[in-house]
Amino acid sequence: MEFINQLKAKAKANKKTIVLPEGEEERTLKAADIIIGEGFANIILIGNPEVIAESKAKYGLDNIEKATVVNPLSHDKKEDYINLLLELRRSKGLTEEKAATLVEDPLYLATLMIKNGDADGEVAGALNATGDVLRPAFQIVKTLPGISVVSGAFIMIMKDKEFGDNGMMVFADCAVHPNPTASELAEIAVTTGKTTKSIAGIEPRIAMLSFSTKGSAKHEMVDKVREATELAQKMAPEMKIDGEMQADAAIIPAIGKSKAPDSEIAGKANVLVFPTLETGNISYKLVQRMAGAEAIGPVLQGMAAPINDLSRGCSVSDIVNLVAITATQAAGLV
Ligand code: ACO
């Protein structure tokens with residue numbers, strides 16, 4: 001994939017450190033070996049050093065010994081991280097006892113490393129559910145200034161090159177925020193536009209999806225998307241954003257022309273913003289499985305440091321690709 005190779009080249013020129021908290025997991029170890037070999041990120045593996053050392057012979061990993069290994073149960077910075085966690089979460093009722101337990105959880109430890117400046121980004125989720133990866137990130141790293149909601153975008157590489165820009169589209173939110181308000185949905189549209197430009201490398205044409213096109217149906221759910229469209233247009237007047245529109249009006253030129261003749265986006269959208277997590281998550285999985293699209297992500301947007309989540313069904317190359325995206329985000333090159 002050309003755009004991933006471009007990201008790797010950018011990341012290599014400004015090498016960052018990515019922590020992989022599922023450091024004993026087979027696909028993660030194999031991916032770490034490839035990443036170190038290709039040289040586009042430094043890798044920290046969290047896990048039992050003996051298990052990680054055994055992986056060299058077990059899976060034939062030539063580069064893995066160049067990874068930094070941190071044993072979550074005993075390492076030099078444990079006390080520092082307990083204190084940092086207490087400082088951040090005491091007001092939320094966190095006790096010293098609970099903090100001492102949480103820092104031994106690799107997912108909490110990884111986010112504390114980022115907060116403390118010991119790592120620049122994180123990729124996890126080969127073993128853990130999305131919610132478990134996200135919760136420590138939300139609690140410790142938090143959102144970027146001016147952003148209230150983290151969301152997840154997928155870069156979809158379609159087999160049919162008629163869609164989007166030569167087959168490339170971006171879908172969001174497919175991973176994080178179950179039921180956004182109109183203003184949160186507007187924020188999701190604008191952050192997805194930024195991701196589209198910076199990571200997918202294409203100029204966004206954003207369709208705000210609903211079951212109605214330009215007032216063809218009346219319902220409070222349609223009102224939410226219409227309000228979100230207006231807010232997003234005000235938040236980013238330089239971005240091409242239009243809605244509300246149905247999926248066919250967004251992506252099929254003839255239908256776009258007939259249902260929304262005045263729209264610059266209808267029929268030509270390369271970014272689809274879904275009204276809820278249900279619709280986004282179901283849609284990306286159907287397009288991936290039934291249309292054979294490649295789905296890269298979710299790329300998490302709006303977090304104060306790059307932390308990205310894998311699907312538990314991920315392959316080794318999915319992990320390598322997501323680390324390339326994360327390392328590029330960490331280098332501020334996107
Ligand atoms: N953006 C930023 N911060 C958030 C968000 C968000 N979208 N959601 C919650 N938070 C913050 C809260 O403000 C809170 O911070 P605080 O403790 O400092 O006050 C903290 O996160 C925890 O908030 P809760 O309301 O307790 O959130 P909860 O832990 O219940 O859930 C979560 C958050 C895990 C993201 C939940 O919304 C979730 O499970 N989402 C669905 C994830 C998922 O399963 N996706 C589908 C699979 S992904 C795939 O298929 C690729």
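In this predicted model, Pro 298 sits in strand 10, which covers residues 294-301. The bond leading into Pro 298 makes a good starting point for a tour of the structure: the peptide bond from Gly 297 to Pro 298 is cis, with omega near 0 degrees. A second cis peptide bond joins Gly 243 and Glu 244, and here omega is about -10 degrees. Glu 244 also belongs to a strand, namely strand 8, made up of residues 240-245. As background, most peptide bonds are trans, and most residues other than glycine have a negative phi. Lys 142 is worth a look in this light, with a positive phi near 65 degrees although the residue is not glycine. Lys 142 is found in the loop that runs between helix 7 and strand 5 (151-157).

Stepping back to the whole chain, two domains can be traced. Domain 1 is assigned to residues 2-142 + 308-330, and domain 2 to residues 151-290. Their centres, taken over C-alpha atoms, are 31 Å apart. Where the domains meet, seven residues of domain 1 are in contact with seven residues of domain 2. The size of an interface is often given as the accessible area lost when the parts come together. For domain 1 and domain 2, the area buried between them is about 510 Å², with 79% of it on carbon and sulfur atoms.

Both domains also take part in surrounding the ligand, each giving at least three residues to the shell. Among the helices, helix 7 (130-141) and helix 12 (277-290) each provide at least two shell residues. Helix 7 makes the largest contribution, with five residues. By character, the shell comprises ten nonpolar, six polar and five charged residues. Out of 21 residues around the ligand, the nearest are Arg 89, Lys 92, Arg 135, Val 150 and Ala 175.

Several polar contacts can be followed atom by atom. For Val 150, a backbone N or O atom is placed 2.8 Å from a nitrogen atom of the ligand. Ala 175 likewise has a backbone N or O atom 2.8 Å from a ligand nitrogen. Lys 142, already met for its positive phi, comes back into view here through its side chain, where an N or O atom is 3.5 Å from an oxygen atom of the ligand. As for how far the ligand is covered, the ligand taken alone exposes 1,000 Å², and the protein buries 64% of that area.

Technical notes:
Residues numbered from 1 in each chain as written. Predicted model: local features only at pLDDT ≥ 70, side-chain atom pairs only at ≥ 80, totals over all residues. Heavy atoms only, no water. Near = heavy atom within 4 Å. Polar contact = N/O pair within 3.5 Å; in protein donor to acceptor, adjacent residues only side chain to side chain. Areas by Shrake-Rupley, 256 points an atom, 1.4 Å probe, with all protein chains shown as cover. Helix = DSSP H or I, 4+ residues; strand = E, 2+ residues; numbered from the N terminus. Nonpolar A, V, L, I, M, F, W, Y, C, P; charged D, E, K, R; others polar. Domains from an automatic or database assignment. Contact = heavy atoms within 4.5 Å. Buried area = accessible area lost by both parts, 1.4 Å probe.
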